[in-house]
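Here is a quick tour for anyone meeting this structure for the first time. Have a look at it, and then we'll walk through its core and its charged pairs.

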Amino acid sequence: MSSIDNDPPKHADIGSLTHPERLSIYNRKRSLLNARRKRCLYFSLEEIRVLILKEGIVPRSGHFSRKGYTRALEIQERAQKYLEEEKQQKNDNDLTV
């Protein structure tokens, strides 16, 4: 037995290796995102930080069911409201000093 396999790969032919759509990572990623875009939500680090401080919860990011998606949207809106409040307090403190 030799250490080199003489058989060509059976998962891809030469045309698929040189086709520009198959080679482009951006197009592959975009097509996968379009298929999975429904009910997908990700929290930023600032939103997670504020939720931990204010409510003591760590939100879950990713794909959700219908009810879970609406709950996650509500949590994200609350986090954005907390961030706006922090921003206003910071601006008020800067103006008074």
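What follows is a short report on a nonpolar core and on some salt bridges. Keep in mind that this is a predicted model.

Let's begin on the inside. Ten residues make up the largest nonpolar core. Going along the chain, they are L41, F43, I48, V50, L51, F64, A72, I75, A79 and Y82. Two elements, α4 (45-54) and α5 (66-96), each give two or more residues to this core. The top contributor is α5, which supplies four residues.

F43 is one of the core residues, and its surroundings are worth a look. If you skip its neighbours within four places in sequence, F43 is in contact with I48, L51, P59, R60, S61, A72, I75 and Q76. Among these, I48, L51, A72 and I75 also belong to the core.

Now for the charges. Side chains of opposite charge can pair when their charged atoms come close. In this structure you'll find three salt bridges, listed here with the distance between the nitrogen and oxygen atoms:

| Pair | N to O distance |
|---|---|
| E46 and R49 | 3.0 Å |
| R49 and E86 | 3.0 Å |
| R78 and E55 | 2.8 Å |

Start with E46 and R49. Both sit in helix α4, three residues apart, which is about one turn of the helix. E46 has a relative accessible area of 42% and is partly exposed. R49 is partly exposed too, with a value of 33%.

R49 also forms a salt bridge with E86, and this pair links distant parts of the chain. R49 is in helix α4 while E86 is in helix α5, 37 residues apart. As for E86, a relative accessible area of 26% makes this residue partly exposed.

That leaves R78 and E55, whose closest N and O atoms are 2.8 Å apart. R78 belongs to helix α5 and E55 to the loop between α4 and β2 (62-63), so their bridge ties together parts that lie 23 residues apart in sequence. R78 has a relative accessibility of 31%, which counts as partly exposed. E55 is partly exposed as well, at 27%.

Which residues do salt bridges with shared partners join into one network? They are E46, R49 and E86.

Technical notes:
Residues numbered from 1 in each chain as written. Predicted model: local features only at pLDDT ≥ 70, side-chain atom pairs only at ≥ 80, totals over all residues. Heavy atoms only, no water. Core = buried A, V, L, I, M, F, W, Y, C linked by side-chain atoms within 4.5 Å. Buried < 20%, exposed > 50% of the residue type's maximum accessible area, 1.4 Å probe, protein only. Contact = heavy atoms within 4.5 Å. Salt bridge = Lys/Arg side-chain N within 4 Å of Asp/Glu carboxyl O.
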